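Q: Please take a close look at a single part of this model, beginning with its open spaces and working outwards to whatever surrounds them. I would like one connected answer with the cut-offs stated.

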Amino acid sequence: MSTTGATSDPLTALGSLPGVAESVESVRKAVDRVYGHRIMRRRSNEITSEAALRGARGSAALSGADWALEEVRRRTDFSGDDEARVVGAALRLTAEAGQLLSIWRQSPLRVLARLHMVAAAGTGDEVGRPRGNGEPVDEPLVELALPDADEVSGRLEGLSRLIIAGSSAPALVTAAVVHGELLALRPFASHNGLVARAAERIVLIGSGLDPKSVCPAEVGHAELGRAPYLAALDSYVAGTPEGMAAWIAHCGRAVELGARESTAVCEALQRGAA
């Protein structure tokens, strides 16, 4: 998405695309069902914790580490092979996301740098900063053409200005654009998918749509599958109104499935308390 065009608030313009209003309304209803569940009134912290675990598992799965939930739950060492490190990075990002909300509204680029540092857990000079020209990117699951460093810098600055300025666009639209931009740009040397999905989570929480973080979109993205996820990203990168609407709808469906997952958790807890 070009964020530097003549429209003063391109995010709001996206909200008027055909089908987007319907996606926004469907997401709102799904989120409201979770928040209206009687278990949420008494045990919301448990739902939040479980959603974080399941969201991290889903995000890791999309980055190539498709572990069973119980395996993620029981493991304590995530420093072994590549898959273990991916799962560990996803868990760290999920834990970190909620701590960065106030900073996000003032300095999104600072938050993105922090997210990459948390995910990479390294000390190399490529950690926590956008890549330069010629620097390789380790993101094998996304095969789109890689924008050069100048384009990355310009689009990140444009995205940052939009976030800081604020928008009347629905939270789903903003979250989808943040996610799509970061995945398309792959601004860091590694872990871009994990960072993009963590940033989407931050927008959904900070917007007030999902303040308790109980509707993990990462669960939905994983459930919908990697191939449809990448196909929707292709639509986003195409930049047509239809493509943008398709990506937003895909992200909306992911949030709905995350909400359904937490509703099922609420139901299980209710049965156990009966």
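Which helix gives the most to the lining of the largest pocket, and with how many residues?

A: Helix 5 gives the most to the lining of the largest pocket, with five residues. The model is a predicted one, in which local features require pLDDT of at least 70 and side-chain atom pairs pLDDT 80 or more, while totals for chains, interfaces and linings use all residues. Residues are numbered from 1 along each chain as its sequence is written, and side-chain values rest on heavy atoms, without hydrogens or water.

The largest pocket holds about 430 Å³ of space, a pocket being an open set of points on a 1 Å grid over the protein atoms alone where a 1.4 Å probe fits, with protein on both sides within 12 Å along at least five of seven lines. Its volume is the space filled by probe spheres set on the points, which are joined across faces, edges and corners. The lining (residues with an atom within 4 Å of a point) comprises 19 residues, and Ser63, Asp82, Val86, Asp138 and His191 are the closest to the centre of the pocket. Helix 5 spans residues 82–97, and both this helix and helix 7 (108–120) supply at least two residues of the lining; helices here are DSSP runs of H or I, at least four residues long, numbered from the N terminus. By class, the lining of the largest pocket has nine nonpolar, four polar and six charged residues, where Ala, Val, Leu, Ile, Met, Phe, Trp, Tyr, Cys and Pro count as nonpolar, Asp, Glu, Lys and Arg as charged, and the others as polar.

Helices 5 and 7 are also joined by a pair of side chains, since Arg114 forms a salt bridge with Glu96, the closest N and O atoms being 2.9 Å apart (a side-chain nitrogen of Lys or Arg within 4 Å of a carboxyl oxygen of Asp or Glu). This pair links distant parts of the chain, with Arg114 in helix 7 and Glu96 in helix 5, 18 residues apart. The two ends have unlike surroundings: Glu96 counts as buried at 17% relative accessibility, whereas Arg114, at 35%, counts as partly exposed, given that buried means under 20% relative accessible area, exposed over 50% and partly exposed in between, with a 1.4 Å probe and protein chains only.

Helix 7 (108–120) also leads into the interior, for Leu112 and Leu115 stand with Trp104 as the residues with the most contacts inside the largest nonpolar core, which has 81 residues; such a core is a set of buried Ala, Val, Leu, Ile, Met, Phe, Trp, Tyr and Cys residues joined through side-chain atoms within 4.5 Å. The largest share of this core, 11 residues, comes from helix 13 (residues 241–273). Leaving aside residues up to four places away in sequence, Leu112 touches Trp104, Leu156, Leu182, Phe188, Val195 and Ala199, a contact being heavy atoms within 4.5 Å.

Trp104 leads in turn to the second largest pocket, whose volume is about 290 Å³. Lined by 17 residues, this pocket has Trp104, Ile163, Thr174, Val203 and Ser207 nearest its centre. Helix 6 (101–106), helix 8 (149–165), helix 9 (171–185) and helix 10 (192–206) each supply at least two of the lining residues. Here the lining has 11 nonpolar, five polar and one charged residues.

Within helix 8, the side chains of Arg155 and Glu151 meet in a salt bridge with an N to O distance of 2.7 Å, and because the two are four residues apart in that helix, about one helical turn separates them. Arg155 counts as buried at 18% relative accessibility, while Glu151 is partly exposed at 34%.

Elsewhere, helix 2 (residues 20–35) holds both Arg28 and Asp32, again four residues apart, or about one turn. Their salt bridge brings the closest N and O atoms to 3.4 Å, and both Arg28 (33% relative accessibility) and Asp32 (41%) count as partly exposed. Ser23, in the same helix 2, is buried at a relative accessible area of 13% and touches Leu172 and Ala249, sequence neighbours up to four places away not being counted. Ala13, in helix 1 (residues 10–15), has its C-alpha atom 9.8 Å from that of Val173, although 160 residues separate them along the chain.

In total, the structure holds 18 salt bridges, and one network of them links Glu50, Arg54, Glu70, Arg73 and Glu261.
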